[in-house]
Amino acid sequence: MSMSDSDTSSQGSEYRNFRQLTRDRLLYEMLRSTKSGDSKSTWKVLVMDRVTVKIMSYACKMADITEEGVSLVEDIYRRRQPLPTMDAIYFMQPTKENVIVFLSDMTGRAPLYKKAFVFFSSPVPRELVSHIKKDGSVLARIGALREMNLEYFAIDSQGFVTDNERALEELFGDEESTRKGHACLNEMATRISTVFASLREFPFVRYRAAKSLDMNTMTTFRDLIPTKLAAGVWNCLARYKANLPNFPQTETCELLIVDRSIDQIAPVIHEWTYDAMCHDLLNMEGNKYVHEAPGKVAGVPEKKEVLLEDHDPIWLELRHAHIADASERLHEKMTSFVSKNKAAQVHHGSRDGGELSTRDLQKMVQALPQYSEQIDKLSLHVDIAGKINRIIKDMGLKELGQLEQDLVFGDAGTKDVINFLRTKLDVTRENKLRLLMIYAACYPEKFESDKITKLMELARLPPEDMNAVNNMRLLEGSSDTKKNSIGAFSLKFDVHKKKHAARKDRTGEEVMWQLSRFYPMIEELVEKLSKGELPKNDYPCMNDPSPTFHGSSGAASNPTNPTSAPHSMRQRRATWARPRASDDGYSSDSILRHASSDFKKLGQRIFVFIVGGATRSELRICHKLTAKLKREIVLGSSSLDDPPQFITKLKLMTADELSLDDLQI
């Protein structure tokens with residue numbers, strides 16, 4: 001038995017993304033490692049706590065775990081049946097409570113399991129190791145005692161969360177509780193650090209600096225959140241560097257730590273991609289979607305639960321596409337399926353080329369049992385896209401979405417908002433609130449003139465909704481940050497512009513779709529970081545980069561061809577329909593093209609961590625920039641929030657003894 005960190009397993013030299021590496025460590029480095037050595041048992045029990053169950057479920061499927069010899073998964077805090085002939089694998093946090101339960105399981109004459117292989121999700125305090133080693137009977141039954149240093153939740157191939165769902169409340173709340181705040185930051189720092197321990201990466205740690213107008217301006221706890229978190233991460237990394245075998249001694253990647261104040265529009269604006277629309281408009285529970293499918297009994301539909309995840313090729317292709325583009329492609333796929341199947345044509349009884357609706361096509365192929373397996377996933381997405389498009393129409397979201405974008409780009413103002421609220425009486429409470437939150441982010445000075453309160457009255461929104469708008473100011477930071485920092489609460493990119501603009505149109509990019517002008521601020525930040533152009537005063541580094549670092553990645557950091565002709569600027573208006581020859585980087589051809597590229601040529605990874613919740617638009621941008629910059633961009637955050645979740649959390653920041661149910665909108 002040894003007390004050491006497991007070595008990262010090398011499953012071949014091919015490129016593996018962030019989530020694949022996480023999965024491989026859990027399956028091969030942890031579970032498979034117990035098959036050799038002292039273990040005589042073929043099947044094992046896997047015992048986990050609340051946190052490690054989530055870590056495992058995000059990265060692996062039950063079939064993967066079973067394949068590695070696990071026949072039973074148990075909760076460490078539930079009463080368990082003794083299985084004295086079987087070995088157990090414990091994957092748990094290094095807490096006193098967990099260690100006490102573990103010792104209770106394995107001590108005495110009748111332990112629950114024959115042998116225990118113990119893996120901790122993060123570094124174990126010395127006193128806990130001593131506590132374990134005190135009991136000689138337990139010590140003899142331990143087959144492994146290791147630190148996995150894997151305590152993050154891989155929610156996407158390029159995204160993770162630390163599962164600090166109450167970070168906004170604990171860090172930015174009106175009544176500052178520094179004890180809760182520091183505990184939250186410490187946990188976050190530990191979990192972020194395990195990402196780098198897992199990947200054997202040593203990052204340059206950059207963060208958004210706190211700003212003060214002058215020596216007399218007091219810096220608040222809120223202002224220092226990225227600074228404190230960066231220091232916490234740096235301390236953990238320093239320990240890894242000193243103690244972890246095979247941990248890099250020189251920097252291999254970049255980490256940028258910011259908080260939700262850099263962009264308060266992204267969490268509430270309507271994002272028009274298929275993925276975002278699914279999570280925003282449908283009553284989904286995580287990635288689970290319930291839909292009605294044709295049942296075995298004729299005419300009686302059955303409810304089926306499906307997961308919208310990476311294993312679904314249609315989801316993978318369409319998730320980042322504009323909803324109109326996704327709908328078009330689904331119709332094309334269904335049409336193509338019918339045209340290639342003679343049985344389907346005969347069933348339709350016509351080959352005259354008459355135009356069929358997507359619904360007709362769906363019903364047609366569903367009537368053919370021999371094609372059921374092929375059509376199931378296609379029918380699922382046709383059903384979802386149809387439902388989303390009906391909601392868009394019924395709720396009048398196109399007009400609302402246009403006003404949101406015009407506000408952000410300075411093409412609309414107070415009068416337009418007033419006119420919209422007066423004339424559109426059937427707009428939902430949530431959508432009116434989201435519009436006013438965007439307005440407040442674009443016009444923060446209106447707080448002082450009480451304009452926001454009057455607009456809330458005009459919109460007939462209750463006082464608790466006003467809390468959500470008011471609490472945006474708690475994320476504001478100091479007034480100097482507002483004026484000077486990239487992506488801050490109020491942005492004026494051009495002092496000569498008379499209009500307000502929280503975003504400026506990006507040069508070199510053309511909008512192919514209506515309502516797609518908006519982009520999250522991290523797009524600018526990551527691009528500047530990749531080029532080495534992020535201002536050091538605003539975004540200092542814990543470990544000052546050597547002058548050769550950015551140069552060392554060469555073309556990987558700046559892959560654009562300097563001789564290529566610049567693209568036109570973004571159009572002021574785009575169409576709802578896709579030009580036939582367009583390539584937005586998310587078509588099936590583009591996906592295949594990007595997938596077949598040589599990933600070994602990718603430059604150093606860039607990690608961005610957002611304290612206070614990330615959005616699906618920000619996750620999409622990381623995928624987009626990975627292809628553009630030829631560097632894998634990994635997004636981390638305390639949580640991944642859809643607009644209703646974010647708004648509820650904003651209300652909770654100053655709520656007094658209110659439950660989540662009280663605040664749902």
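## A six-stranded sheet and helix 17

In this predicted model, six strands form an open sheet in the order 7-8-14-13-10-9, with mixed pairing. Strand 7 (153–156) and strand 9 (203–207) are the edge strands; each has a single partner strand, so one side of each is left without a neighbour in the sheet. On average, neighbouring strands of this sheet are turned by 25° against each other, direction ignored. Strands (E, at least two residues) and helices (H or I, at least four) are DSSP runs numbered from the N terminus, and two strands pair if DSSP finds at least two bridges between them.

Strand 8 (residues 159–161) pairs with strand 14 (residues 631–637) in the parallel sense over three bridges. Phe160 stands opposite Gly636 in strand 14. Helix 1 (residues 18–31) lies across strand 7, strand 8, strand 13 (603–611) and strand 14, at about 140° to strand 7. Axes are lines fitted to C-alpha atoms, for helices over the stretch in contact (heavy atoms within 4.5 Å), and angles run from 0 to 180 degrees between N-to-C directions.

Helix 17 (residues 414–423) has a buried side and an exposed face (buried is under 20% relative accessible area, exposed over 50%, partly exposed in between; 1.4 Å probe, protein chains only).

| Group in helix 17 | Residues |
|---|---|
| Buried | Thr414, Val417, Phe420, Leu421 |
| Exposed, on the face turned away from the buried side | Lys415, Arg422, Thr423 |

The buried residues Thr414, Val417, Phe420 and Leu421 cover an arc of only 130° around the axis, which puts them on the same side of helix 17. The arc is that of the directions from the helix axis to the C-beta atoms. These buried residues pack against helix 16 (397–408), helix 18 (429–442) and helix 19 (451–458).

Residues are numbered from 1 along each chain as its sequence is written, and side-chain values use heavy atoms, with hydrogens and water left out. Local features need pLDDT of at least 70 and side-chain atom pairs count only at pLDDT 80 or more, while totals for chains, interfaces and linings use all residues.
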